[in-house]
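This briefing is intended to be read alongside the sequence and the coordinates. Please keep both in view while going through the points.

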Amino acid sequence: MDRPGYRIRQVQPTDYAKLDVLIEQAFRTVPESDHQEQLLVRRIRDSEGWIPELSLVAELPGGKLLGHILLSEIHIVLPGGAAKLPALALAPLSVLPAYQKQGIGTALVCKAHARAGAAGFKLVVVLGHANYYPRFGYQRASAWDLSFPFAAPDECCLIAQLQEGALHQARGGTVRYPSVFFE
Ligand SMILES: CC(C)(COP(=O)(O)OP(=O)(O)OC[C@H]1O[C@@H](n2cnc3c(N)ncnc32)[C@H](O)[C@@H]1OP(=O)(O)O)[C@@H](O)C(=O)NCCC(=O)NCCS
């Protein structure tokens, strides 16, 4: 449920300029960041994996944006390489520094997961903080023998299922992100 004081809604084109600033500010002091996340968001918006309904903002009544989340389509190649499962990548998640630790990130993840589940998606991957994402059901991908295409610590390569049994279907697969994530 949305917290008092702000609402969560789908991103609109009129938000794009504000989002560039918000995302840059959210990641400014994050040591692992390349400080290019706002450019990644722009590239995803121009790509095939972009799903407008799964791009959300937290907004104050006056129009100030406090947070943003983006889930976009990727896939998981199953062992043997013949079949692939559709999945989502959560990237990035941003909350303005002055508004962090007030539940906004949690509200954005929960709403995005609910929308994604209702749209029929079963799995979401994230390259993210090992202490943050497990509260939303994320587990180490390696626990399901899933490989990630990033040279990142094992505890940061995470996956959550939105439907019971989905992780069993994905076991042993390879997570494939589209090229926009590597430009
Ligand atoms: C990570 C982020 C999205 C969390 O949003 P938020 O609105 O501050 O988070 P919430 O208020 O919902 O949750 C707060 C909890 O998250 C924890 N948390 C916040 N940032 C964290 C981080 N970088 N690593 C681990 N835990 C973190 C807080 O310690 C707090 O824990 P508690 O509930 O046990 O007290 C936000 O801090 C942010 O934008 N950070 C900079 C950008 C970033 O790192 N994005 C994530 C990329 S994967």
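The points that follow concern the ligand site, backbone geometry and selected residues.

The structure is a predicted model, in which local features need pLDDT of at least 70, side-chain atom pairs count only at pLDDT 80 or more, and totals for chains, interfaces and linings use all residues. Residues are numbered from 1 along each chain as its sequence is written, and side-chain values use heavy atoms, with hydrogens and water left out. The ligand sits in the largest pocket, and 20 residues surround the ligand.

**Ligand site**

- The pocket is an open set of points on a 1 Å grid over the protein atoms alone, with protein on both sides within 12 Å along at least five of seven lines. A molecule sits in a pocket if more than half of its atoms lie within 2 Å of the grid points of that pocket, and the ligand meets this criterion in the largest pocket.
- Of the 20 residues around the ligand, those that come nearest are Val95, Lys101, Gly103, Gly105 and Thr106; a residue is near a molecule if one of its heavy atoms lies within 4 Å of it.
- The shell around the ligand consists of 9 nonpolar, 9 polar and 2 charged residues. In this division Ala, Val, Leu, Ile, Met, Phe, Trp, Tyr, Cys and Pro count as nonpolar, Asp, Glu, Lys and Arg as charged, and the others, Gly among them, as polar.
- At least two residues of this shell come from each of helix H1 (16-27), strand S4 (84-95) and helix H3 (104-118). Helices (H or I, at least four residues) and strands (E, at least two) are DSSP runs, numbered from the N terminus.

**Polar atoms facing the ligand**

- A polar backbone atom of Leu93 is 2.8 Å from a nitrogen atom of the ligand.
- Thr106 places a polar side-chain atom 2.5 Å from an oxygen atom of the ligand.
- For Arg135, a polar side-chain atom lies 3.0 Å from an oxygen atom of the ligand.
- On its own the ligand has 870 Å² of accessible area, of which the protein covers 73%; accessible areas come from the Shrake-Rupley method with a 1.4 Å probe.

**Backbone geometry**

- The peptide bond that leads from Ala91 to Pro92 is cis, with omega near -15°, and Pro92 belongs to strand S4.
- His35, although not a glycine, has a positive phi of about 60°. The residue is found in the loop between H1 and helix H2 (37-45). With a relative accessible area of 35%, His35 is partly exposed; buried means under 20%, exposed over 50%, and partly exposed in between (1.4 Å probe, protein chains only).
- Asp145, likewise a residue other than glycine, has a positive phi near 55°; Asp145 is placed in the loop between strand S6 (139-140) and S7.

**Loop between S7 and H4**

- Glu164 lies in the loop between strand S7 (157-161) and helix H4 (166-170), where the residue is exposed at a relative accessible area of 72%. Its C-alpha atom is 8.3 Å from that of Lys122, a residue 42 positions away along the chain.
- Gly165 lies in the loop between S7 and H4 and is partly exposed, at 24% relative accessibility. The C-alpha atoms of Gly165 and Leu66 are separated by 35 Å, with their positions 99 residues apart along the chain.

**Two alanines**

- Ala98 lies in the loop between S4 and H3 and counts as exposed, at 64% relative accessibility. Ala98 and Ala26, 72 residues apart in sequence, are 9.2 Å apart from C-alpha to C-alpha.
- Ala107 is part of helix H3 and is buried, with a relative accessible area of 10%. From Ala107 to Leu65, 42 residues apart along the chain, the C-alpha separation is 14 Å.

Conventions. A polar contact is a pair of N or O atoms within 3.5 Å; within protein, one must be able to donate a hydrogen and the other to accept it, and residues adjacent in sequence count only if both atoms are side-chain atoms. On a 1 Å grid over the protein atoms alone, a cavity is a set of points where a 1.4 Å probe fits but cannot get out, and a pocket is an open set with protein on both sides within 12 Å along at least five of seven lines; lining residues have an atom within 4 Å of a point.
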